[in-house]
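Ready to practise reading a protein model? Keep the structure open beside you and try each task before you look at its solution.

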Amino acid sequence: MAIKFFIQKDIPDEIQAEVCDTIASLGGRVEPKVPRAGFVLVQPGTAEEERLRLCWSTSERPERYFVPYTYVEACKVSGMLLKQIFIQDGQPIRMHIDSSIANINVRSTLSARIMHSGGDPTASAQSARVILADPNTEIFQHLVKTYQSEANKYVESYLWVKKCIEKGQVIYTPVVYKNPGGRRPGEERTQFTAEDEQHLCEWIAAKIPYKETGGRTGNRLYQQLCEMGSEPEFAWVARHTWQSWRERYKKNATRLDVKIAEIVDEKKPAHGEKGQYGYVRKPEEKPKRTRKKRNSTNGVADGDPNAGMKVEGGPSTAPLETYSLPMPVPLSITGVMGPVGGPADSFNPIVYQPPTPVFQHIPIPAPGQGPLDTETARRDVRKEEMEDDEVEWQIREGHATPPAWAAKRKVDGEEEGPHKRQRTGSPEMPNSLHVIDQAVRDIAQEFRFLLEEVQEYYDKCGDPERTRNRFKRARDAINALKEEDEPLTT
């Protein structure tokens, strides 16, 4: 049997003609009057559409549906007759599209799908039965919390419309039970035993042995207790929650404090001992950064080991150190075999002089002498031994004898005087030229030409001998010239 359609009369004629052709091609039939069972094609938002709904929308005709005239084209595109699922008690389900769905194309497509399936997407958030929003926004969670207590209002994702159309029915997102906490009615409660109280008192005595320290009614103490439940010796902790342990002490503090005091008197822990509640390891002290003082004259930091090193941008001011390698020197020592002649060579033994001892102030006995006696060994013991700080920094008072450290400076040959400074300039080094530069300079001096002229020609040819011959011929040519008063011969 053909499906019957009625078209709203004030829709433009060209649209009506196009809709009639589509209906006829799909096997439907257009009626001049409103059918008892069929579809009424309207233009949403017009006064005629509202009048038709008021006149012909009734619960006695549940098979009469009001849809926009674009419904016919939507059925043609989908290849099937779209079911009118968004209808409840003969009336369209009112829906609100929230502003969290910001894409205009998505909003228009969503609105068209709702109308083609019998719903009304033009309702406000307060009057709508279903609120559609973007689940990836905070607004969606806010809407869920706001309307989850209302029985006849649902907050759904914008994808919910497509799922309902595919399944052919309206299925709201189900609610699940979330345990609000607390003990369920009729459930037996785990009672505290004397052993539980003994364990609790031992825990508190170990962590907070002295009540005046405070913290026995805090949360963290009992949370730490329950965190120890994984240890075998703390298996008893799992019998109660940390809140129950805390409430047990709080409500029986007077009685339990006596037991805790007895345990403390027996073990006698020190106040602030390691492991007690509230005491943590002292953090490591950060090393203090000492700021180096800079010399106002040359800008070098005092005590800088690199102060005498050569830096980029200027010559080094450190004195040059010269090193001399010891050379073998033949010595004539008694007891050593003299030269022995041979058939083809002669051999002279060479004895190397030993290096100078580092500790020259310690007398070393020569070979053949007797052992070092005590008096000789202690002769300069006072100079060897490091003096105490108090003796080291003694000062001269009046015309008294200068202290030992002042005498040592004179012995060491150091200069005295507040204005004398160590000479930091480097010794003058003889200026040495490169072999080529010296050769160019010699040619210029020998033949009495400018150094620039000789250098310019050498840069062109690169041969010192060729340069010498050229300027030699030039000087000979100049010497062969006659004076100005002599006539030139051609």
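Below are six short exercises, each followed by a worked solution.

**Exercise 1. Getting an overview**

Find out how many helices and strands the protein has, and what share of its residues is buried.

*Solution.* Begin with a reminder that this is a predicted model. Next, count the elements: there are 17 helices and eleven strands. Then turn to burial: of the 490 residues in the protein, 23% are buried. For the surface, the protein exposes about 38,200 Å², and carbon and sulfur atoms supply 53% of that area. Finally, look at how the chain meets itself. Take the contacts between residues at least 6 apart in sequence: 58% of them join residues at least 24 apart.

**Exercise 2. Checking the confidence**

Work out what the mean pLDDT of the protein is and where pLDDT stays under 50.

*Solution.* Start with the whole protein: its mean pLDDT is 77, and 67% of the residues reach 70 or more. Now go to residues 307-344, where pLDDT stays under 50. For this stretch the model has 26 contacts beyond four places in sequence. Residues 425-430 also have a pLDDT below 50, and this stretch has four contacts in the model beyond near neighbours in sequence.

**Exercise 3. Two helices that meet**

Describe how helix H7 and helix H9 are arranged, and name the residues through which they meet.

*Solution.* First, recall what you need: two packed helices are described by the angle between their axes and the distance between the axes. Helix H7 covers residues 194-207 and helix H9 covers residues 242-251. Their axes come within 11 Å and cross at roughly 85 degrees. Angles from 65 to 115 degrees count as roughly perpendicular, so H7 is roughly perpendicular to H9. Now for the residues. From H7 come Asp196, Glu197, Leu200 and Ile204, which meet Trp245, Arg248 and Tyr249 of H9. Sorted by class, this contact has four nonpolar residues, three charged ones and no polar ones.

**Exercise 4. A proline in a loop**

Locate Pro209 and decide whether this residue is buried or exposed.

*Solution.* Pro209 sits in the loop between H7 and helix H8 (219-227). The relative accessibility of Pro209 is 8%. Buried means under 20%, so Pro209 counts as buried. Now compare sequence with space: Pro209 and Ala261 are 52 residues apart in sequence, yet their C-alpha atoms are 7.5 Å apart.

**Exercise 5. Positive phi angles**

Say what phi is for Asp89 and for Arg448, and find the loop that holds each residue.

*Solution.* Take Asp89 to begin with. Its phi is near 60 degrees, a positive value in a residue other than glycine. Asp89 lies in the loop between strand S5 (87-88) and strand S6 (91-92). The cut-off for exposed is over 50%, so Asp89, at 68% relative accessibility, counts as exposed.

Then repeat the steps for Arg448. Phi of Arg448 is near 60 degrees, again positive in a residue other than glycine. The loop that holds Arg448 runs between helix H15 (435-447) and helix H16 (451-461). With a relative accessible area of 55%, Arg448 is exposed.

**Exercise 6. Ala102 and Ile139**

Place Ala102 and Ile139 in their elements or loops, and state how exposed each residue is.

*Solution.* Ala102 belongs to the loop between strand S7 (95-97) and helix H4 (104-116). Its relative accessible area is 65%, so Ala102 is exposed. Along the chain, Ala102 and Asp134 are 32 residues apart, and 8.8 Å separates their C-alpha atoms.

Ile139 is in helix H5 (residues 138-147). Here the relative accessible area is 38%, so Ile139 is partly exposed. The C-alpha atoms of Ile139 and Ser99 are 9.2 Å apart, with these positions 40 residues apart along the chain. Setting aside neighbours within four places in sequence, Ile139 is in contact with Asp98 and Ser100.

Note on methods: Residues numbered from 1 in each chain as written. Predicted model: local features only at pLDDT ≥ 70, side-chain atom pairs only at ≥ 80, totals over all residues. Heavy atoms only, no water. Axes fitted to C-alpha atoms, helices over the stretch in contact; angles between N-to-C directions. Helix = DSSP H or I, 4+ residues; strand = E, 2+ residues; numbered from the N terminus. Parallel < 35°, antiparallel > 145°, perpendicular 65-115°, else oblique. Contact = heavy atoms within 4.5 Å. Nonpolar A, V, L, I, M, F, W, Y, C, P; charged D, E, K, R; others polar. pLDDT = per-residue confidence, 0-100. Buried < 20%, exposed > 50% of the residue type's maximum accessible area, 1.4 Å probe, protein only. Areas by Shrake-Rupley, 256 points an atom, 1.4 Å probe, with all protein chains shown as cover.
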